[in-house]
Amino acid sequence: MLLRRALVLGGSTEARLLATRIAADRRLWGVISLAGRTSAPLAHDLPTRVGGFGGVEGLTRYLIEERISHVVDATHPFAARITANARAACAAAGAPLLVLTRPPWVAAPGDRWIEVAGNAAAARALGDSPRRVFLAIGRQGVADFRVAPQHQYFLRVIEAPNAGDLPPSCEVIFGRGPFALEDEIALMRDRRIEIIVTKNSGGALAYAKIEAARALGLDVVMIARPARGDAAMTHDIDAAMAFLFS
Ligand code: NAP
């Protein structure tokens, strides 16, 4: 069998898990690609390249030059641009593509979700009256909440945001998951949080805040995932491994 040469587009837990599986399989060669947003990314078991490719053209060139036979797009479900680029570049280079992503969270009994389509709608959903808002959206979209400066925000991030992006009343809390339920409840109580804003990222590592909101009876503004095109998709690492031998 010809050696398979896999490119994993990373930046997610699923990508790290898949990298470990590929590294352990002698029939596969693989490389994982990170955008470079995090200055101290977690280690991966595959060779790692960091930084953008230079749009569709750059990614197409990379696929051809590196003789990539299969691409798994295991980027975060909200990373829509790289997903669109991967789709176009794989079509141009003739490389099969699979999107590996975790399933979205689904509201359970007791959840008080307000489902919205994006950050602007999330900011509107907070309402006119000042509220104490836990922002679990990462640092990239925080500037979208400057239109609602009446609220007191608590923004949890892995890396420091740009100061100019923050709404006027905003405490930055540093933390990297997984988070334990009791710690999330303690945090919500300590900061007297009234409402949580989160992306529907899915997965277990960040789910405790949703459970904490349920336990405390808090509203959650749940930002829906962006459309990611119609590429083949799976939630299953075994299926992603099988794809690499297809
Ligand atoms: P994005 O908007 O979809 O992509 C912006 C640009 O970043 C892409 O056009 C590409 O640059 C580069 N890029 C993105 N992912 C890349 C990768 N894995 N390898 C090489 N280049 C990549 O992405 P984003 O939302 O900024 O997310 C960036 C990274 O952070 C992704 O890898 C994603 O998995 C991870 N992440 C995102 C979120 C989120 O909420 N968006 C949350 C957690 C982790 P070029 O056009 O130059 O190739």
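## A guided tour, starting at Gly30

Start by selecting Gly30, and show what surrounds it: leaving out residues up to four places away in sequence, Gly30 touches Ala6, Ile22, Leu46 and Pro47. Before you go further, keep in mind that you are looking at a predicted model. Now colour by secondary structure, and you'll find Gly30 in strand E2. Is Gly30 buried or exposed? Its relative accessibility is 3%, so Gly30 counts as buried, since the cut-off for buried is under 20%.

Next, keep Gly30 selected and add Val142. The two residues are 112 apart in sequence, and in space their C-alpha atoms are 34 Å apart.

**Zoom out to the chain**

Show the whole chain as a cartoon. You can pick out 7 helices and 12 strands. Turn it around: along the principal axes, the C-alpha atoms fill a box of roughly 60 × 35 × 30 Å. How does the chain's radius of gyration fit a compact globule? For 246 residues, a compact globule would have a value near 18 Å, and the chain has 19 Å, so the two agree.

Switch on the surface for a moment. The chain exposes about 11900 Å², with carbon and sulfur atoms supplying 53% of that area. Of the 246 residues, 47% count as buried. And what about the contacts? Take those between residues at least 6 apart in sequence: 66% of them join residues at least 24 apart.

**Over to the ligand**

Hide the surface and select the ligand, together with the residues around it. There are 22 of these residues, and the ones that come nearest are Gly10, Ser33, Phe53, His76 and Lys199. Try colouring the shell by residue type: you should get 7 nonpolar, 11 polar and 4 charged residues.

Now look for oxygen atoms on the ligand and click through three protein partners:

- Lys199: an N or O atom in its side chain is 2.5 Å from an oxygen atom of the ligand.
- Arg81: here a backbone N or O atom lies 2.9 Å from a ligand oxygen.
- Asn85: a polar side-chain atom of this residue lies 3.4 Å from an oxygen atom of the ligand.

How much of the ligand does the protein bury? Taken alone, the ligand exposes 810 Å², and the protein buries 82% of that. Which elements give two or more residues to the shell? They are strand E2 (28-34) and helix H3 (80-93). Helix H3 gives the most, with 4 residues.

**Glu14 in helix H1**

Move on to helix H1, residues 13-23, and select Glu14. With a relative accessible area of 13%, Glu14 is buried. Show side chains here: a polar contact of 3.1 Å joins those of Glu14 and Arg102. Apart from neighbours within four places in sequence, Glu14 is in contact with Leu100, Arg102 and Ile237.

**Val197 in strand E10**

Jump to strand E10, residues 195-199, and pick Val197. This one is buried too, because its relative accessible area is 0%. What does Val197 touch beyond its neighbours within four places in sequence? Its contacts include Ala122, Leu126, Phe134, Ile137, Phe145 and Val221. You met Ala6 at the first stop as a residue that Gly30 touches. From Val197, Ala6 is 191 residues away in sequence and 36 Å away in space, C-alpha to C-alpha.

**Glu194, in a loop**

Step back along the chain to Glu194, in the loop between helix H5 (181-190) and E10. Glu194 is partly exposed, with a relative accessible area of 37%. Show the side chain and draw a distance: Glu194 reaches the backbone nitrogen of Arg132 at 2.6 Å. Setting aside neighbours within four places in sequence, its contacts are Pro130, Arg131, Arg132, Leu218 and Asp219. Then select Gly217, which is 23 residues from Glu194 along the chain. Their C-alpha atoms are separated by 9.1 Å.

**Last stop: Asn119**

Finish in helix H4, residues 119-125, where you'll find Asn119. Is Asn119 buried or exposed? At 17% relative accessibility, Asn119 counts as buried. Leaving aside neighbours within four places in sequence, Asn119 is in contact with Gly141, Asp144, Phe145 and Ile223. Phe145 and Ile223 should look familiar if you listed the contacts of Val197, since both are among them.

Note on methods. Residues numbered from 1 in each chain as written. Predicted model: local features only at pLDDT ≥ 70, side-chain atom pairs only at ≥ 80, totals over all residues. Heavy atoms only, no water. Near = heavy atom within 4 Å. Polar contact = N/O pair within 3.5 Å; in protein donor to acceptor, adjacent residues only side chain to side chain. Areas by Shrake-Rupley, 256 points an atom, 1.4 Å probe, with all protein chains shown as cover. Nonpolar A, V, L, I, M, F, W, Y, C, P; charged D, E, K, R; others polar. Rg over C-alpha atoms; globule rule 2.2 N^0.38 Å. Buried < 20%, exposed > 50% of the residue type's maximum accessible area, 1.4 Å probe, protein only. Contact = heavy atoms within 4.5 Å.
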